[in-house]
Amino acid sequence: LNKQKLVHVYEERENLGLTMRMTVHDSSENEIADPGMLPQVRALFNEKAQPLRPGDQPSLFDLRPYTAKAERSVSDELADMLNIPRTAMSSADFSFTLRQGGVLAPNNKAAFAKAVVEQAKAFVSAPAAQAADQAIRAHPHFNWAQRGGLYLAPIDTVAEAGIREEAFASRTAARLPLIKQSSRAASTMTNVLRHEAFYKITRDWTPAQATDQRVKLISDFLNAASGRGSLGEGKLKEWGPFLSALFFSPRFLASRVQMNTVVLRAVKQGEYDLARKMAADLAAFYGTGVAVVGLAAAAGAAVETNPLSADWGKIRLPDGTRWDVWAGNQQLARTVAQIAAGKKKLTTTGETRGAGSAQERLTTAWDFFANKFAPIPSTVYRVGAGKEKLESAGDAARLAGGLFTPIFANDLI
């Protein structure tokens, strides 16, 4: 047991809202008696600095003063640095609200409204974020949610990339002004939405009904529906921070598939009532999307109905502005349609191109993943493919500046 492992235990404990009593032993199973052997880990000892014995009341378990970067691995530091541009680009981007919350919003209106209000409060006030976090943990069904694996994002800047909200994976960048507030607000919004939706489903449950299987299914669905997809339990999960540095949102992309497949899993496991509740959430989302697009078309906006077009299902205004109401689902569905047909409809001319060859299908698949690259690999790819000029110092400065410019600022420009 070393300081790094203890810091990890602390962060996981804070993430799960657990109260711990710990004893520490050395390799010979002797209880460690000297607090100096573990610098700054005062909480493992009572007020008299004696080892905790059974029945003792531990002092505050607080590892916050520990900041020594030497205990972080090189890979941790590298992943953190590579995620800085993406974290910077996500700052003050409140499209996060509908992108992550859009699926659950139609059938969980009260939860979504509360999440948006808490998000706004958390953006301007750290104590407000703490209060929202404490309210979540105080609910009598919070332990059920944690037992099921419902994701509770950390709202501070201590946690490592793997347990942060994906858009704000860099711990270093998340300490900076504006980015810190944006990270705190995003985490608060998704935390409130997920847990309020969970508490709504389990409101009338007895402890006997909260089986491991049931709370796991609900948690997996709510995680995926709110953009927190699973990368599994193997090497893929371990390399999650590096995947986030390579692709803009690998967990989010996985979630768009998993939010549908978990319903099938519930049916397979015989949890038909839960499957109906999940299906109702999805039906409300898709139905609301169809209604919004239909109303826009009736009002005179252009709506593309061909799934081979990049504009499929989007609302296109006369000034060229496009609105995508599908919370990240459209791109994946459209790409599947294009690969299946081996064709695509150009948004510029309206022409449909493609002969259905294997090469065309592979090109479509590659274009999809290339468009999901994180800022640094995307810039490298675009320069290498000739899509961006790098012929002067001015070009280099422009590209470098673009790596750290928030998305909302580019939209304004």
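A residue counts as buried when its relative accessible area is under 20% and as exposed when that area is over 50%. The structure treated in these exercises is a predicted model.

**Exercise 1. Decide whether Thr188 is buried or exposed, and describe its surroundings.**

Step 1: Locate the residue, which is found in helix α8.

Step 2: Compare its accessibility with the cut-off; because the relative accessibility of Thr188 is 2%, the residue counts as buried.

Step 3: List its partners, leaving aside neighbours within four places in sequence, and one finds that Thr188 is in contact with Glu118, Gln119, Ala122, Ala129, Ala132 and Ile155.

**Exercise 2. Characterise helix α8 by its length and by its burial.**

Step 1: Helix α8 has 23 residues, and the distance from its first C-alpha to its last is 33 Å, close to the 33 Å expected at 1.5 Å a residue.

Step 2: Since 19 of those 23 residues are buried, α8 is largely enclosed by the rest of the structure.

**Exercise 3. Determine which helices supply the largest nonpolar core, and which of them gives the most.**

Step 1: This core has 46 residues, and those with the most contacts inside it are Phe198, Trp205, Phe221, Leu222 and Met278.

Step 2: At least two residues of the core come from each of α5 (109–124), α6 (126–138), α7 (142–148), α8 (179–201), α9 (212–225), α12 (250–268) and α13 (272–298).

Step 3: The helix that gives the most is α8, with eight residues.

Step 4: For a view of one core member, take Leu222, which touches Leu104, Leu150, Arg194, Ala197 and Phe198 when residues up to four places away in sequence are not counted.

**Exercise 4. Classify the crossing of α5 and α6, and name the residues that make the contact.**

Step 1: The axes of the two helices come within 5 Å and cross at roughly 140°.

Step 2: Angles over 145 degrees would count as roughly antiparallel, and the crossing found here therefore makes α5 oblique to α6.

Step 3: The contact is made by Glu118, Lys121, Ala122 and Val124 on the α5 side, and by Ala126, Ala128, Ala129 and Ala132 on the α6 side.

**Exercise 5. Work out the strand order of the sheet and identify its edges.**

Step 1: Three strands form an open sheet in the order β1-β2-β3, with antiparallel pairing.

Step 2: Because β1 (302–303) and β3 (322–323) each have a single partner strand, they stand at the edges, and one side of each is left without a neighbour in the sheet.

Step 3: Strand β2 (residues 315–316) is joined to β3 by two bridges, and Ile315 stands opposite Trp323 in β3.

Technical notes: Residues are numbered from 1 along each chain as its sequence is written. This is a predicted model: local features need pLDDT of at least 70, side-chain atom pairs count only at pLDDT 80 or more; totals for chains, interfaces and linings use all residues. Side-chain values use heavy atoms; hydrogens and water are left out. A nonpolar core is a set of buried Ala, Val, Leu, Ile, Met, Phe, Trp, Tyr and Cys residues joined through side-chain atoms within 4.5 Å. Buried means under 20% relative accessible area, exposed over 50%, partly exposed in between (1.4 Å probe, protein chains only). Helices (H or I, at least four residues) and strands (E, at least two) are DSSP runs, numbered from the N terminus. Contact means heavy atoms within 4.5 Å. Two strands pair if DSSP finds at least two bridges between them. The expected span of a helix is 1.5 Å times one less than its number of residues. Axes are lines fitted to C-alpha atoms, for helices over the stretch in contact, and angles run from 0 to 180 degrees between N-to-C directions. Angles under 35 degrees count as roughly parallel, over 145 as roughly antiparallel, 65 to 115 as roughly perpendicular and the rest as oblique.
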